[in-house]
Amino acid sequence: MKSKKASAWAAQHMGRDEVLAHLARAARFDVRRLFDAAGNLKPPQDWDDDTAAAIAGLDFQDQRGVKRKDEHDEGATETKQVRSLHTIDRLKALELLGKAHGVFDASEAEETAGEGSLAQLLAQASEQNGGLNGLVRR
């Protein structure tokens with residue numbers, strides 16, 4: 001009985017490799033994949049899995065009489081939902097990946113502590129973006 005409970009418990013939790021894979025997806029997120037050729041936001045069902053994984057949240061609001069660009073015409077007035085997207089913080093994902101892979105080890109930090117080093121630039125960017133308060137930008 002204990003082995004069934006243990007295997008069910010293990011199946012619900014992420015291992016190190018899965019966590020690193022999710023961080024890598026977030027670090028490689030490219031916001032351009034959210035839009036079509038005309039610059040319109042694609043519907044969520046058209047996002048690929050990596051793009052969808054990088055979205056932390058959506059806010060919807062009805063707006064009437066908006067012109068939507070279309071590849072085939074100048075634009076048509078329609079009712080549409082304006083979406084406010086909250087994405088995963090790529091810098092935070094890179095920082096966590098760097099720590100997991102030992103990129104910021106003390107010995108390397110001393111060697112690369114010069115102006116413009118990766119460690120220094122990431123530290124500055126982290127401070128400017130709210131520090132270590134989590135992955136989600138608001």
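The legends below describe several close-up views of a predicted model of one protein chain.

Residues are numbered from 1 along each chain as its sequence is written, and side-chain values use heavy atoms, with hydrogens and water left out. Because the model is predicted, local features are described only where pLDDT is at least 70 and side-chain atom pairs count only at pLDDT 80 or more, while totals for chains, interfaces and linings use all residues.

**Figure 1. The whole chain and its secondary structure.** The protein chain contains six helices and two strands, where helices (H or I, at least four residues) and strands (E, at least two) are DSSP runs numbered from the N terminus. Followed along the sequence, these elements appear in the pattern α-α-α-β-β-α-α-α. Of the 138 residues in the protein chain, 21% are buried, a word that stands for under 20% relative accessible area, with exposed meaning over 50% and partly exposed in between (1.4 Å probe, protein chains only). The accessible surface comes to about 10100 Å², and 50% of this surface belongs to carbon and sulfur atoms; such areas come from the Shrake-Rupley method with a 1.4 Å probe, and for residues only the protein chains shown count as cover. Among contacts (heavy atoms within 4.5 Å) between residues at least 6 apart in sequence, 60% join residues at least 24 apart.

**Figure 2. Two nonpolar cores.** A nonpolar core is a set of buried Ala, Val, Leu, Ile, Met, Phe, Trp, Tyr and Cys residues joined through side-chain atoms within 4.5 Å. The largest one in this model has eight residues, namely L20, L23, A24, A26, A27, I88, A93 and L97. Helices α2 (16–27) and α4 (90–100) each supply at least two residues of this core, and the largest share, five residues, comes from α2. When its neighbours within four places in sequence are left aside, L20 is in contact with L97, A100 and H101. A second, separate core has six residues, among them F29, L41, W47 and I55. In soluble globular proteins, nonpolar side chains tend to be buried together.

**Figure 3. Helix α4 and its two ends.** Within α4, the residues L91, K92, A93, E95, L97 and G98 are buried. At the N-terminal end of this helix, D89 acts as a cap, with a side-chain oxygen 3.0 Å from the backbone nitrogen of L91. Just after α4, G102 takes a positive phi of about 75 degrees. Inside the helix, K99 and E95 form a salt bridge whose closest N and O atoms are 3.3 Å apart, a salt bridge being a side-chain nitrogen of Lys or Arg within 4 Å of a carboxyl oxygen of Asp or Glu. The two residues are four places apart in α4, about one turn of the helix. An α-helix has 3.6 residues a turn, so residues three or four places apart point the same way. K99 is partly exposed at 48% relative accessibility, whereas E95, at 10%, is buried.

**Figure 4. Salt bridges between parts of the chain that are distant in sequence.** The structure holds four salt bridges, and two of them are shown in this view. The side chains of R25 and D50 meet at 2.7 Å, N to O, and this pair links helix α2, which holds R25, to helix α3 (residues 49–53), which holds D50, across 25 residues. R25 is partly exposed at 25% relative accessibility, and D50 is also partly exposed, at 33%. In the second pair, the closest N and O atoms of R33 and D48 are 3.8 Å apart; R33 and D48 both lie in the loop between α2 and α3, 15 residues apart. R33 is partly exposed with a relative accessible area of 28%, and D48 is partly exposed with 33%.

**Figure 5. The surroundings of S84.** S84 is found in strand β2 (residues 76–87) and is partly exposed, with a relative accessible area of 33%. Although S84 and L58 are 26 residues apart along the chain, their C-alpha atoms are separated by 5.6 Å. Not counting residues up to four places away in sequence, S84 touches G57, L58 and D59.

**Figure 6. Confidence along the chain.** The predictor's confidence in each residue is given as pLDDT, from 0 to 100. The mean pLDDT of the protein chain is 75, and 57% of its residues reach 70 or more. Confidence is lowest in helix α5 (residues 106–111), at a mean of 57, and highest in α3, at 90. Over residues 132–138, pLDDT stays under 50. Where pLDDT is low, the predicted coordinates should not be read in detail.

Methods:
Polar contact = N/O pair within 3.5 Å; in protein donor to acceptor, adjacent residues only side chain to side chain.
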